[in-house]
Amino acid sequence: MGGENWTIYALAGLALVYGVTFVMPIGGADMPVVISLLNSFTGVAAAMGGFLYNNQAMLTGGILVGSSGTILTILMCKAMNRSLLNVIIGAFGGTTGAGRRRVIKTVKEISLSDASVLLSYSQKVLVVPGYGLAVAQAQHLCHELETCLAPRGWN
């Protein structure tokens, strides 16, 4: 145990503080993008380790993980129509920043019969499945709704 061990502990502590402050403001739909970004960082680190140890398998695996994580991160940002920088630092500054308006909307709960009346008078119905539908495992109910609406000529 030499006198240089404190630098390792200090760097580990700084890395911990940086990691927590990097991830804490991220929430909601931005979290999968950040997880994909961190995954690509692990691939880059593995590739650098493979380069350092002259290990071709580690280098190749790190390159594959890093590049696929980067591609996935970019595609997810494009799908959300946001830049990666906006995803990472978008939560800083709170909700009442200088270009943001506070919009107050009212939410009206409807019953099942009200929803069926609205669907029967609709000209087109568009169901956009998302993460919530998958978590609730409601794809079968969504398919049942589709089969009920199909005789009306909606595709």
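In the predicted model, the largest nonpolar core is made up of eight residues, namely Phe22, Ile26, Val33, Val34, Leu37, Cys77, Val87 and Ile88. Helices H2 and H4 each supply at least two residues of this core, and the most is given by H2, with three residues. Phe22, a member of the core, touches Val34, Leu37, Leu38 and Ile88 when residues up to four places away in sequence are not counted. Ile88, which is placed in helix H4, is in contact with Phe22, Ile26 and Leu37, again leaving aside neighbours within four places in sequence. The C-alpha atoms of Ile88 and Ile26 are separated by 7.0 Å, although their positions lie 62 residues apart along the chain. Because its relative accessibility is 16%, and buried means under 20%, Ile88 counts as buried.

Cys77, a further member of the core, is likewise buried, with a relative accessible area of 4%. Cys148, by contrast, counts as exposed at 58% relative accessibility. A search for disulfides across the whole structure returns zero.

The fold in which this core is set consists of seven helices and zero strands, so that the protein chain, read along the sequence, follows the pattern α-α-α-α-α-α-α. The chain has 155 residues, of which 15% count as buried. Among contacts between residues at least 6 apart in sequence, 52% join residues at least 24 apart.

A polar pairing is found between Arg82 and Asp30, whose side chains meet in a salt bridge with an N to O distance of 2.6 Å. Distant parts of the chain are linked by this pair, with Arg82 in the loop between H3 and helix H4 (84-89) and Asp30 in the loop between H1 and H2, 52 residues apart. One salt bridge is found in a search of the whole structure. In general, side chains of opposite charge can pair when their charged atoms come close. The two partners differ in accessibility class, since Asp30 is buried, with a relative accessible area of 12%, whereas Arg82 is partly exposed, with a relative accessible area of 29%. The loop that holds Asp30 runs between helix H1 (5-23) and helix H2 (31-53). Apart from neighbours within four places in sequence, the contacts of Asp30 are with Met80, Arg82 and Val87, and Val87 is itself one of the residues of the largest nonpolar core.

Within helix H2, Ser40 is also removed from the surface, being buried with a relative accessible area of 2%. Once neighbours within four places in sequence are left aside, Ser40 is in contact with Val65, Gly66, Gly69 and Thr70.

Two asparagines deserve separate mention for their backbone geometry. Asn54, found in the loop between H2 and H3, has a positive phi of about 55° although it is not a glycine. Asn81, which lies in the loop between H3 and H4, has a positive phi of about 60° and is likewise not a glycine. For context, most residues other than glycine have a negative phi. Both residues fall in the exposed class, which is over 50% relative accessible area, because Asn54 has 62% relative accessibility and Asn81 has a relative accessible area of 72%.

The confidence of the prediction varies along the chain. The mean pLDDT of the protein chain is 83, and 88% of its residues reach 70 or more. In the comparison of elements, confidence is highest in helix H3 (residues 56-79), at a mean of 93, and lowest in helix H6 (residues 131-135), at 78. Over residues 93-98 the pLDDT stays under 50, and for these residues the model has three contacts beyond four places in sequence. Where pLDDT is low, the predicted coordinates should not be read in detail.

Methods: Residues numbered from 1 in each chain as written. Predicted model: local features only at pLDDT ≥ 70, side-chain atom pairs only at ≥ 80, totals over all residues. Heavy atoms only, no water. Disulfide = S-S within 2.5 Å. Buried < 20%, exposed > 50% of the residue type's maximum accessible area, 1.4 Å probe, protein only. pLDDT = per-residue confidence, 0-100. Helix = DSSP H or I, 4+ residues; strand = E, 2+ residues; numbered from the N terminus. Contact = heavy atoms within 4.5 Å. Salt bridge = Lys/Arg side-chain N within 4 Å of Asp/Glu carboxyl O. Core = buried A, V, L, I, M, F, W, Y, C linked by side-chain atoms within 4.5 Å.
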